[in-house]
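Thank you for making time this morning. Please have a look at the sequence and the structure together, and then I will take you through a few contacts and one part of the surface.

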Amino acid sequence: KTLLNLNVLRLMGGVVISSIPDVGRPIMRYGLVRVMRDAFLPMITNFKNFNLSRREVKWLAGGLNATMQSRASAVFDLLADVGRGSKFEDTIEFASRRMGVIALFNKWTEKMKEFSGVVAHAKFMDSLDTVINGGSRIDIKEATRYLAENGIDADMAQRLWEQVAKAGGADKVDGLWYPNTSVWDDAEVLRVYSAAVTRETNNTIITPGIDKPLWIDSSIMG
């Protein structure tokens with residue numbers, strides 16, 4: 001374990017540089033038009049409103065990464081603590097756990113997930129609007145598929161839209177959705193929507209988990 005932690009300190013200083021392709025992940029997931037319309041243009045032309053949407057996403061899904069270092073720990077392949085070590089071992093452990101802060105990887109991940117979450121947020125709201133209020137057959141089919149793959153069926157979609165409407169967010173403001181999730185009063189609906197946004201951000205800005213195949217585990221390959 002100490003050797004793994006030493007390797008983190010020795011090799012992982014350039015993780016942010018190697019993570020630059022994360023910028024293209026939202027485009028791969030949602031398409032260039034949607035990312036430009038729902039994220040890049042609002043960020044450039046109306047940053048105040050974009051920031052409100054970003055903060056809502058952070059509250060829903062992405063706000064703990066810099067604190068819990070979840071992606072850094074997964075990428076660095078750090079092991080969970082199983083007991084106390086020597087002072088040297090504890091020092092190396094302390095430093096390796098904070099390598100994500102030192103190398104700015106945690107902050108990079110947080111901002112990229114917030115940016116991706118803004119696009120996912122808009123995609124969810126557009127899909128709900130289409131399913132509830134109607135659209136072309138192709139649009140309804142695509143919206144239904146997108147919601148379903150994130151655990152939102154027809155009944156939950158109706159309940160979600162009721163919460164959005166009740167909170168005064170059923171219409172776009174300057175091209176952005178503000179569903180005001182902080183004032184929703186249906187705890188189950190909020191939990192489902194939060195899980196859906198979290199799933200989308202984690203799938204877009206890939207965070208390895210326990211489901212990663214053994215052949216990509218460097219400790220096994222070594």
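I will talk about salt bridges to begin with, and then about a nonpolar patch.

Before anything else, please keep in mind that what you see is a predicted model. A search of the whole structure finds 17 salt bridges, and I have picked out a few of them to discuss.

Let me start with R29 and E200, whose side chains meet in a salt bridge with a distance of 2.6 Å from N to O. This pair links distant parts of the chain, since R29 sits in helix α3, residues 25-30, while E200 sits in helix α13, residues 187-204, and the two are 171 residues apart. Are these two partners buried or exposed? R29 counts as partly exposed, at 34% relative accessibility, whereas E200 is buried, with a relative accessible area of 0%.

The next pair is D38 and R34, and here the side chains meet in a salt bridge at 2.9 Å, again given from N to O. How far apart are D38 and R34 in helix α4? They are four residues apart in that helix, which covers residues 32-45, and so they are separated by about one helical turn. Both D38 and R34 are buried.

For a third case, turn to K166, which forms a salt bridge with D185, where the closest N and O atoms are 3.4 Å apart. K166 lies in helix α12, residues 154-166, and D185 lies in the loop between α12 and α13, so this pair ties together parts that are 19 residues apart in sequence. K166 counts as exposed, at 59% relative accessibility, and D185 is exposed too, with a relative accessible area of 55%.

Some of the bridges do not stand alone: through shared partners, salt bridges join R29, K123, E142, R145, E149, R199 and E200 into one network. You will recognise R29 and E200 there as the pair that I described at the start, with their N to O distance of 2.6 Å.

Let me now move from charged side chains to the surface. Which residues make the nonpolar surface patch? It is made by I27, L32, M36 and L41, and its area is about 320 Å². Helix α4 contributes the largest share of this patch, namely three residues. M36 is found in helix α4, and with a relative accessible area of 34% M36 is partly exposed.

That is where I will stop, and I am glad to take questions.

Note on methods
Residues numbered from 1 in each chain as written. Predicted model: local features only at pLDDT ≥ 70, side-chain atom pairs only at ≥ 80, totals over all residues. Heavy atoms only, no water. Salt bridge = Lys/Arg side-chain N within 4 Å of Asp/Glu carboxyl O. Buried < 20%, exposed > 50% of the residue type's maximum accessible area, 1.4 Å probe, protein only. Patch = residues over 30% accessible without salt bridge, like charges linked within 9 Å, V, L, I, M, F, W, Y side chains within 5 Å. Areas by Shrake-Rupley, 256 points an atom, 1.4 Å probe, with all protein chains shown as cover.
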